[in-house]
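Open the model in your viewer and keep the selection panel handy. We will walk through it stop by stop, picking residues as we go.

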Amino acid sequence: MECPNCGTYNPEDRTQCWKCDELLPTKKEERPKRNEQGRLSPWTWLVLIVLGGVWFFTQCSSPLRQEPTTRHQPPPPVVRPLI
């Protein structure tokens with residue numbers, strides 16, 4: 001690392017320049033990216049949960065399936081006289 005004051009090279013572990021005794025800038029640690037690839041954001045999870053809940057409740061609250069009704073009545077039974 002070079003000293004910003006005098007331009008002299010200093011090893012990375014030094015905190016002060018060996019030539020001019022000026023404080024060297026410290027390196028800031030890099031934070032990992034918040035939204036890494038393959039990871040869903042909290043808003044995405046919230047939307048998925050809400051949509052899943054709506055779908056679930058619409059499936060559970062639908063009326064039971066009834067047999068289809070026809071408009072035609074079955075023919076009346078044939079009654080034959082006993083003679």
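Here is the tour, from the whole chain down to single residues.

**Before you start**

This is a predicted model, in which local features need pLDDT of at least 70 and side-chain atom pairs count only at pLDDT 80 or more, while totals for chains, interfaces and linings use all residues. Residues are numbered from 1 along each chain as its sequence is written, and side-chain values use heavy atoms, with hydrogens and water left out.

**Stop 1: the whole chain**

Colour by secondary structure, and you will find 1 helix and 0 strands; helices (H or I, at least four residues) and strands (E, at least two) are DSSP runs, numbered from the N terminus. Now switch on the surface: its accessible area is about 9200 Å², with 58% belonging to carbon and sulfur atoms. Such areas come from the Shrake-Rupley method with a 1.4 Å probe, and for residues only the protein chains shown count as cover.

How much of the chain is made up of buried residues? They account for 7% of the 83 residues, where buried means under 20% relative accessible area, exposed over 50%, and partly exposed in between (1.4 Å probe, protein chains only). Of the contacts (heavy atoms within 4.5 Å) between residues at least 6 apart in sequence, 3% join residues at least 24 apart.

**Stop 2: N10 and T8**

Select N10, in the segment before α1. N10 counts as buried because its relative accessible area is 0%. Show its side chain and look for two short distances. A polar atom there lies 3.1 Å from the backbone oxygen of T8, and a polar atom of that N10 side chain also lies 3.1 Å from the backbone nitrogen of W18. Both belong to the polar contacts (pairs of N or O atoms within 3.5 Å; within protein, one must be able to donate a hydrogen and the other to accept it, and residues adjacent in sequence count only if both atoms are side-chain atoms). Leaving out residues up to four places away in sequence, N10 touches M1, C3, Q16, C17, W18 and L24.

Move on to T8, also in the segment before α1 and buried, at 13% relative accessible area. Beyond its neighbours within four places in sequence, T8 is in contact with M1, E2, C3, C17, W18 and K19.

**Stop 3: P4 and D21**

Next, pick P4, in the segment before α1. Is P4 buried or exposed? It is exposed, with a relative accessible area of 59%. Set a distance label between the C-alpha atoms of P4 and C17: these residues are 13 apart along the chain, and the atoms are separated by 9.3 Å. Not counting residues up to four places away, P4 touches L24 and P25.

Then try D21, in the segment before α1. D21 is not a glycine, yet has a positive phi of about 60 degrees. Its relative accessible area of 54% makes D21 exposed.

**Stop 4: the helix and its surroundings**

Select residues 42-61, which form helix α1 and include I49. I49 is exposed because its relative accessibility is 58%. Add L40, W45 and L48 to the selection: with I49 they make a nonpolar surface patch of about 420 Å². A patch is made of residues with over 30% relative accessible area and no salt bridge (a side-chain nitrogen of Lys or Arg within 4 Å of a carboxyl oxygen of Asp or Glu); like charges are joined within 9 Å, and nonpolar side chains (Val, Leu, Ile, Met, Phe, Trp, Tyr) within 5 Å.

**Stop 5: a pair of rings**

The structure holds 1 aromatic pair. Select F56 and F57: their ring centres are 5.6 Å apart and their planes meet at 70 degrees, so the pair is edge-to-face. Rings of Phe, Tyr and Trp (its six-membered ring) pair if their centres lie within 6.5 Å; planes under 30 degrees apart count as stacked, over 60 as edge-to-face and the rest as tilted. F56 is partly exposed at 44% relative accessibility, and F57 is exposed at 57%.
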